[in-house]
Amino acid sequence: MPKPVFHPFCEVSSDARQDLYSLLCTSTVFFHAAAKALWTSLPSPEILMRVLYYELGGTNVTRRSIGPRKMELDRLLSELRTRHIGRLCDKHMGAVRRFLFYAQSVVHLRATSLETSGFFYEYFSARVRLAPTAIMFPHLQELSWLEHHPCLASGSIIHILRSAQVSTLTLKFPEQPYITRCASGRDFYTSSVIDTLLTISDAVPELRELTVQAPPTLPIPISAILRYEKLRRAHLHITLAVGPNSIFVPEFNSIEVGSLMAIELHWNPLTDLPAVYSILCAGELRELTVMVYGSPGNSFTDDLLYLAASTPPQLTRFEVYALGNASPIICAGCFADKVKPLLARRALQHIALVLTGYSLRVDPQDVDDMAHAWPDLRSLNLSFPLVPGSIFPDIRHVLTAMCMRCPRLRLLHMPALSTSGNTRFALPTFPGNVLGLLSSDTAHFGHPVLDIAFSLYQAFPHLEQAGSCDESAGWAEVAVLVEALRQEDHPTILEHVAHCMRVSAYVGFPYVVLILVGRVLILNP
């Protein structure tokens, strides 16, 4: 049995890795199964290259003694090419077969262009007596690639993507200030990114999930994304442009992404709205997520209205996260005006509008309209400042409207919630409700927190969290009491009872509690 090679980066726990390694060393019965489990996820091809290097008699030189990472990698590849792979003979084929066994076990791979070389793969294939079309990673399904050399992008990655099983791909093109400081450099970098996308679309026609991250100064034509005919999920951290620029990419009017179901867009001031509209119309879109960083400006809420109106009727998820810190906060008007097109999307299940730099006004009628429009709603996350002078929505009205008409609602977060009035706080029962999380950015409760917590506990048996323990949000005591009721933490409950009530009786806990001028009597029912 060959001596197993172990690397400590697989995604199982430390204890599990040790157990798997022990199995590797115990018996040939366990060797193959345990080795495959250890090598399923590979964070760097460097680890695999070291296996071949050591198997062929290379010296075990640590990174610290060599110097910087790139210098070590260059030396490792150089020695593999000249001293070892170039001298392969029959006595080395056992080491080669072990190397290939580990490589064929890899399913998830993270790699950078610094660690891999197209020349190395071609040279290796020839010297190891493999066919020119040999696949080093035949079972690879997920690849995350960081490209450091734009001019060699499409050439170096293609040797890894020969596996027909790759279904998930992440491409990252980092900032290159020395290239993008001038217009010609940006054009060059843009053409390299586009060329890589086009090459991969031909090499991996079965790709199902694609993530592309590139500097925002590079406009990527939407036609380069629409080349992926079987794509189901796209995470586009790029600046979309209508294009195409004839210098970079030809027109593909006849190509439509018929299976695209989920899109995540990163929004920036250079984003082209018509390009976004083009991709929203592609395929059978079900999920749309828009991430906005920085300050998108006064017109973003109008763009948001455009996005909502452009979504297809079968949409089930609509999420917008604008996390910029606008100072001062921009008044964006009525909430109902911004989401009016979404009220026609009856299939919506998940909605999130997080607009930290914009204030909106929410009226009680808006809550009723949302409850009527989205009967299959599962989560509603609305987070933004209210227009100064707005009345906080009443928690009883919000819960009654949403939970009565949306029985599958599990998460409800509002910009603000409140209670007021002289009547005792109480909630109706909601048969079949599954609400598990209730919270708001701010809260103002005019009723005793014990009444509110106990009513929530009774009305929502699946409630796992009410508000948060953040004192500034107004939920702290309610959150603690709901958790105490769930956990049957009677000392905490009695402490709040003694603090909030002087002479009263509270029935409904596991005990009947009487508080008479600070004297606590606990009577079993």
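Leaving aside residues up to four places away in sequence, Phe460 touches Leu399, Cys403, Leu427, Phe430, Asn433 and Leu435 in this predicted model. Phe460 also belongs to the largest nonpolar core, which holds 133 residues, and there Phe460, together with Phe318, Leu399, Leu438 and Leu456, touches the most other members. The largest share of this core, seven residues, is supplied by helix α17, which spans residues 449-459. In soluble globular proteins, nonpolar side chains tend to be buried together.

Some nonpolar side chains lie elsewhere, since Leu23, Val29 and Phe30 form a patch on the surface whose accessible area is about 270 Å² together. Of these residues, Phe30 sits in helix α2, residues 28-38. Is Phe30 buried, partly exposed or exposed? Its relative accessibility is 36%, and because buried means under 20% and exposed means over 50%, Phe30 counts as partly exposed.

The confidence of the prediction also deserves attention, with the protein averaging a pLDDT of 77 and 72% of the residues scoring at least 70. Among the elements of the protein, the lowest and highest mean values are as follows.

| Element | Residues | Mean pLDDT |
|---|---|---|
| Helix α4 (lowest) | 63-66 | 38 |
| Strand β15 (highest) | 379-383 | 95 |

Over residues 1-11 the pLDDT stays under 50, and the model has 34 contacts beyond four places in sequence for them. Over residues 514-525 the pLDDT likewise stays under 50, with 28 contacts beyond four places in sequence. Where pLDDT is low, the predicted coordinates should not be read in detail.

Note on methods
Residues numbered from 1 in each chain as written. Predicted model: local features only at pLDDT ≥ 70, side-chain atom pairs only at ≥ 80, totals over all residues. Heavy atoms only, no water. Patch = residues over 30% accessible without salt bridge, like charges linked within 9 Å, V, L, I, M, F, W, Y side chains within 5 Å. Areas by Shrake-Rupley, 256 points an atom, 1.4 Å probe, with all protein chains shown as cover. Salt bridge = Lys/Arg side-chain N within 4 Å of Asp/Glu carboxyl O. Helix = DSSP H or I, 4+ residues; strand = E, 2+ residues; numbered from the N terminus. Buried < 20%, exposed > 50% of the residue type's maximum accessible area, 1.4 Å probe, protein only. pLDDT = per-residue confidence, 0-100. Contact = heavy atoms within 4.5 Å. Core = buried A, V, L, I, M, F, W, Y, C linked by side-chain atoms within 4.5 Å.
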